[in-house]
Amino acid sequence: MNPQDVFCPNIECPARGQSGKGNIQIHSQQEQRYRCEVCEQTFTATKGTIFYRLRTSAEMVMLVIALLAYGCPLQAIVKAFGLDERTVRDWWQRAGQHCQKVHEHSVGSAQLDLEQVQADEIKVKTQKGTFWMALALMIPTRLWLGGVISAKRDLTLIQSLAEQVRAIALCRPLLLAVDGLASYVTAFQAAFRTALPRRRGEKGRPKLVAWPNIAIVHVVKQRFADHLHIDRRIVQGRQAMIRRLIQASQGAGGINTAFIERLNATFRQRLASLTRRTRTLARKAETLVSGMYGVGCLYNFCDCH
C-alpha cells in the first residue's frame with residue numbers, strides 16, 4: 001500500500017482528487033484501508049475500481065475479463081471455473097462501465113487533429129431483436145473514437161456518433177469516409193458547425209456556420225453474381241484536399257473504408273455476442289454497451305495497432 005499514489009474519493013472532501021499531498025495515511029494494512037487526514041474518512045484500496053466490494057481475488061476477475069474480451073463465450077468460463085453466470089455478467093458489466101469512464105476521460109475529452117475518420121455500423125442479433133452498433137475510427141493513429149448502440153439504423157444513431165467525433169475534432173481539414181447511408185451526410189454536416197457569438201440584445205438561436213475544409217466521401221458496394229462493384233463518390237470537398245488528406249493519414253491508396261471494416265472484424269472476433277451465427281446472443285442493449293467499451297479500451301490502450 002502506497003498512500004502517495006492514492007487520493008481521497010469523498011466528494012465533499014476539499015482534498016478530493018489530489019494525490020501526493022500527504023493527507024492520505026494507512027488506516028489498516030489487514031483490511032486494505034486508507035484514511036484521509038482532511039475529512040477524517042476511511043476508504044478501501046479498491047474504492048473506485050471494478051474490484052470494489054468483490055470477494056473474489058483481483059487476479060481471477062481480470063483473468064475472466066481478459067477471456068471475455070478475447071471472444072471466449074460466457075458459458076465456457078462458467079463451466080471451466082465453476083462460477084455463477086450472474087457473477088460473470090456482473091464483472092463484465094462493471095468492467096464495461098469502468099472502461100466507458102476511462103474512454104470518456106482519455107479519448108472523449110481530447111482535442112485531436114483527426115485528418116481522416118471512417119465510420120460504419122455492425123448489425124447485431126440479440127435475443128430481443130436486432131441492434132445496430134455504429135463505430136468511428138481515426139485513421140492516422142487507428143484510435144477508436146467511440147460508438148453508439150441503437151435498435152434502429154436511423155438518423156438518430158448516426159447523429160449520436162457524429163456528435164462524439166465532433167467533440168474530439170479540432171477545426172482542421174478533415175476527411176470523413178462512410179458507406180452509402182444518406183444519414184451520414186446529414187448528421188456530419190449538422191454536427192460540424194459552430195455558433196457565432198451573439199450581438200448585444202440579439203435573441204433566439206445563434207447563427208451556425210459550417211466548418212471549412214470538411215470533406216465527405218461515400219464508398220458504396222454492390223454485390224453481383226460474379227463480381228463486387230465499388231462506387232467511390234465525393235459528396236463534399238475538393239478532390240485535391242481529399243487526395244492530400246489520404247496521403248497524410250494513410251500513406252497511399254484511394255478513397256476507402258477498409259480500416260473501419262477491419263475494426264468491425266476485430267469487434268466481431270473479440271465479442272462472442274457479435275459473432276455471426278453465434279449461440280451466445282446478448283439479452284440486453286446494456287450488455288452490448290459494456291462489451292463495446294471493454295473491447296474498445298483494450299483495443300486502444302492494450303493492443304499494438
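**Entry 1: a loop residue to start with**

I opened at Asn213, which I found in the loop between strand 9 (208-210) and strand 10 (214-223). Its phi is near 60°, a positive value in a residue other than glycine. I then looked up the accessibility of Asn213: the relative accessible area is 33%, so I noted the residue as partly exposed.

A reminder to myself before going on: this is a predicted model.

**Entry 2: confidence**

I checked pLDDT next. The protein averages 90, and 100% of the residues score at least 70. Which elements mark the two ends of the range of mean pLDDT? Strand 1 has the lowest mean, 84, and helix 4 (residues 155-168) the highest, 96. I kept a general caution in the margin: where pLDDT is low, predicted coordinates should not be read in detail.

**Entry 3: another positive phi**

Arg53 also went on my list, with a positive phi of about 65° although it is not a glycine. I placed Arg53 in the loop between strand 3 and helix 1. Its relative accessibility is 70%, so Arg53 counts as exposed.

**Entry 4: strands 1 to 3**

I walked along the strands from the N-terminal side. Strand 1 (residues 24-28) and strand 2 run antiparallel, joined by four bridges. Across this pairing, I saw Gln25 standing opposite Arg35 of strand 2. The two strands make a hairpin with four residues between them, and Gln32 in the turn has a positive phi of about 55°.

Strand 2 also has strand 3 (residues 42-44) as an antiparallel partner, through three bridges. Here Tyr34 is opposite Phe43 in strand 3. This is a hairpin too, with five residues between the strands; in the turn, Glu40 has a positive phi of about 60°.

Which side chains of strand 2 point to the buried face? Going along residues 33-36, I found an alternation: Tyr34 and Cys36 point to one face and are buried. Arg33 and Arg35 point to the other face and are not buried.

**Entry 5: cysteines**

Having met Cys36, I searched the whole structure for disulfides and found zero. How far from Cys13 is the nearest cysteine sulfur? That sulfur belongs to Cys36 and is 3.7 Å away, with Cys13 in no disulfide. The cut-off I used is 2.5 Å between sulfur atoms. Cys13 is at 5% relative accessibility and therefore counts as buried.

Cys304 is in no disulfide either; its nearest cysteine sulfur, that of Cys302, is 10 Å away. Is Cys304 buried or exposed? Its relative accessibility is 83%, so I logged Cys304 as exposed.

**Entry 6: aromatic pairs**

I counted six aromatic pairs in the structure. One of them is Trp144 with Phe267, a tilted pair at 5.9 Å centre to centre and 50° between the planes. Why does this pair tie together parts that are far along the chain from one another, 123 residues apart in sequence? Because Trp144 lies in strand 6 (residues 143-150) and Phe267 in helix 7 (residues 258-270). I checked both for burial: Trp144 has 0% relative accessibility and counts as buried, and Phe267, at 0%, counts as buried too.

I then moved on to Phe188 and Phe192, which form a tilted pair with 6.1 Å between centres and 40° between planes. Phe188 is buried, with a relative accessible area of 2%; Phe192 is buried with 2% as well. Both belong to one aromatic cluster, together with Tyr184 and Trp211.

**Entry 7: charges over rings**

I looked for charged ends sitting over rings. The charged end of Arg153 sits over the ring of Trp132, 5.2 Å from the ring centre. Arg262 does this with Phe259, its charged end 5.2 Å from the centre of that ring.

**Entry 8: the nonpolar core**

Last, I looked up the largest nonpolar core, which has 37 residues. Which residues have the most contacts inside it? They are Met133, Leu135, Trp144, Leu263, Phe267 and Met292. I recognised Trp144 and Phe267 from the tilted pair above.

The elements giving two or more residues to the core include helix 1 (58-69), helix 2 (74-81), helix 3 (85-108), strand 4 (116-126) and strand 5 (129-138). Strand 6, helix 7 and helix 8 (285-301) are also on that list. Helix 8 gives the most, with seven residues.

Key: Residues are numbered from 1 along each chain as its sequence is written. This is a predicted model: local features need pLDDT of at least 70, side-chain atom pairs count only at pLDDT 80 or more; totals for chains, interfaces and linings use all residues. Side-chain values use heavy atoms; hydrogens and water are left out. Buried means under 20% relative accessible area, exposed over 50%, partly exposed in between (1.4 Å probe, protein chains only). Two strands pair if DSSP finds at least two bridges between them. Rings of Phe, Tyr and Trp (its six-membered ring) pair if their centres lie within 6.5 Å; planes under 30 degrees apart count as stacked, over 60 as edge-to-face and the rest as tilted. A charge sits over a ring if NZ of Lys or CZ of Arg is within 6 Å of the ring centre and within 35 degrees of the ring normal. pLDDT is the predictor's confidence in each residue, from 0 to 100. A nonpolar core is a set of buried Ala, Val, Leu, Ile, Met, Phe, Trp, Tyr and Cys residues joined through side-chain atoms within 4.5 Å.
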